Amino acid sequence: MTTRRMTVGQALVEFLGHQWTVDGDVRVRTIGGVIGIFGHGNVAGLGQAIKQYNVTQPHLLPYHQARNEQAMVHQGVGYARMHRRRATLAAAASVGPGAANMLTGAALATANRLPVLLLPSDTFATRVADPVLQQLEHPHDTSMQVTDAFRPVSRFFDRVERPEQLYSIALAAMRVLTDPAETGAVTIALPEDVQAEAVDVPAGFLRDREWHIRHPVPERWALDAAVAAIRDAERPFVIAGGGVLYSGAEDALRRLAEATGIPVGTSQAGGGALNWDHPQYLGGVGATGTTAANRIAADADVVIGIGTRYSDFTTGSRSAFQNPDVTFVNVNVASFDAYKHGTQLPLIADARETLDALLARLVGYRVAPEYAARAGQEKRDWDVVVDQALRATGAALPGQGEIIGAVHSASGPRDVLVQAAGSLPGDLHKLWRVRDPLGYHVEYAFSTMGYEIAGGLGAKRGLAALGDDREVIVMVGDGSYLMLHSELATAVAEGIKLIVVLVQNEGYASIGHLSETVGSQRFGTRYRHLDHDRLNFESGDLLTVDLAANARSYGIDVIEVRPGKDAIEELTAAVATAKASSGPTLIHIHSDPFAYAPDGGGWWDVPVAQVSELDSTKRAYADYLEQRKKQRPLL
């Protein structure tokens, strides 16, 4: 057997550079590059290997710098989203705090069912230096380290404690990364001494290897049952999730909707499954959905979920579907999601394959004209509401709806919108008119504050790897911006064009509004100076943080939109200027946090204190009890 003498770090880097994902006619590198921050845990092992291949084969596994370990993982997720889960990035961190900083990103990737490869360093496997700097010490279990915290937030976890283990671990990791039913965060913990150890590596381990994306077809019994349920339905309704996009099933969904007249709503991850102006598309469904989708969902007798994980936002905390005899047909490549909410009609299959099969079997079926007319009227009514919400009011501090309208009007039909947390996801789900399957990337499975800029950077990297030069527009509130803005320096360093629209509303607008609804009166959600007498932040002066100056300090171009009646007009012009620029641009605008987007009729279960001395909480609890009457323990 032919072998090569290499370190574990060198073998892993060369192995990763030779992995390919094949999906039909598409063949791409599974790992498009590695983002790394070096410390004593990986500088001599993985760091040396990356340096060596940068000299000898610089295109094998390109290296990118980062400023924050959590942000490295977010970049990998954004990259994977643009590749429809066919490719991702690796994120390499040092031992201890460097590794621990990636935990939030790992949880985000796993919750969103998006692949990313994590390479955290670990303490000495030999324990020759024990305890090493940044090592945890548990008297009851001396083997437990920071990397063990990745176990519950990863879809795959293993630790390379001996060099010979690398082969089976690396291959198992790639299987999970490329399996649509299993994918998420994949973690290979690398002890710092093992990374630098030499081993005789079989040549076969280093050759090109292809991983084919599976598209399982529905079983006949399940397809028969689903077709029978749909044919008997009077008010069917489709919920399209992220699985539609990852399978490349948007055209199949459109054909089914047009042939049958079945109306369609989308989850946050499913945004883009149908263009906003398609006659059968009613918009987002659930807690952040539209009145059009939610009213149709409430009366639906058959709900056809395609590639959705049915989060509480999608189901309105199990209040969205009010028909007492509603039946769920759940199409998902993962059985875990297909069986959710007690369905007896799971189709454990690929979204595109199932949609094609349903279309062939539903020839001649079409919803009643009265039902189609009702869905169409609901769509037209909601479109009027959106038109009004996006229109400029001339207020000195514009509302978020107006800001969304300005950004949308200046954006192109293929531009990608990136967002994650705060009040923006709810407003965007209702108001952003998606015009392209990849045009809407709102990370709302983990809703991580700080994802936006790093995720947008990853999305832009992913598009560049595909030869796609479309714009990436990041919208971020001041709360999320303050959590994680350091990757602006990365964008500047690499000349990556990113458009960031920073909306400053002096606090946590989303939680402030939610706080009011549960009777807590926006406590702790305003950015103000501490009132030392009352020991709170309710009545002090506004905390004046110049976020535009902060962004400018990174070297990024900054356009400031001053408060005034022309603010929206200036914002529209600023986005156009940013699109014409060749480098990254941040646009800063102040907003009115009390100008809310239109209500879409959805509900979200956030428990309210059952007893309180505050009248506001008592009123909120009474309303909560009323809302809970619509909630169903099992759908």
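Let's start with two helices, H3 and H17, which cross in a right-handed way. Keep in mind as you look that this is a predicted model. H3 covers residues 69-82 and H17 covers residues 451-465, and their axes come within 6 Å, crossing at roughly 45°. An angle from 35 to 65 degrees is neither roughly parallel nor roughly perpendicular, and H3 and H17 are therefore oblique to each other.

Who touches whom here? On the H3 side, the residues in contact include His-74, Val-77, Tyr-79 and Met-82. H17 answers with residues such as Tyr-451, Leu-457, Arg-461 and Leu-463 among them. Sort the residues of this contact by character and you get 10 nonpolar, 6 polar and 1 charged.

Now for the strands. Strands of a sheet pair through backbone hydrogen bonds, either parallel or antiparallel. One open sheet here has 6 strands, lined up in the order S5-S4-S6-S7-S9-S8, with parallel pairing. Its edges are S5 (63-65) and S8 (156-159), each of which pairs on one side only. Going from one strand to the next, the twist averages 20°. To zoom in on one end, look at S4 (residues 31-36), which runs parallel to S5 and is joined to it by 3 bridges. There, Ile-35 stands opposite His-64 in S5.

Further along the chain, find strand S22 (residues 557-561) and strand S23 (residues 585-590), a parallel pair with 5 bridges. Val-558 sits opposite Leu-586 of S23. Helix H22 (residues 567-580) joins in too: S22, H22 and S23 together make a right-handed β-α-β unit.

Definitions and conventions. Residues are numbered from 1 along each chain as its sequence is written. This is a predicted model: local features need pLDDT of at least 70, side-chain atom pairs count only at pLDDT 80 or more; totals for chains, interfaces and linings use all residues. Side-chain values use heavy atoms; hydrogens and water are left out. Axes are lines fitted to C-alpha atoms, for helices over the stretch in contact, and angles run from 0 to 180 degrees between N-to-C directions. Helices (H or I, at least four residues) and strands (E, at least two) are DSSP runs, numbered from the N terminus. Angles under 35 degrees count as roughly parallel, over 145 as roughly antiparallel, 65 to 115 as roughly perpendicular and the rest as oblique. A crossing is left-handed if the near helix is turned anticlockwise from the far one by less than a right angle, and right-handed if clockwise. Contact means heavy atoms within 4.5 Å. Ala, Val, Leu, Ile, Met, Phe, Trp, Tyr, Cys and Pro count as nonpolar, Asp, Glu, Lys and Arg as charged, and the others, Gly among them, as polar. Two strands pair if DSSP finds at least two bridges between them. A crossover is right-handed if, with the strands pointing away from the viewer, the path from the first strand over the helix to the second runs clockwise.
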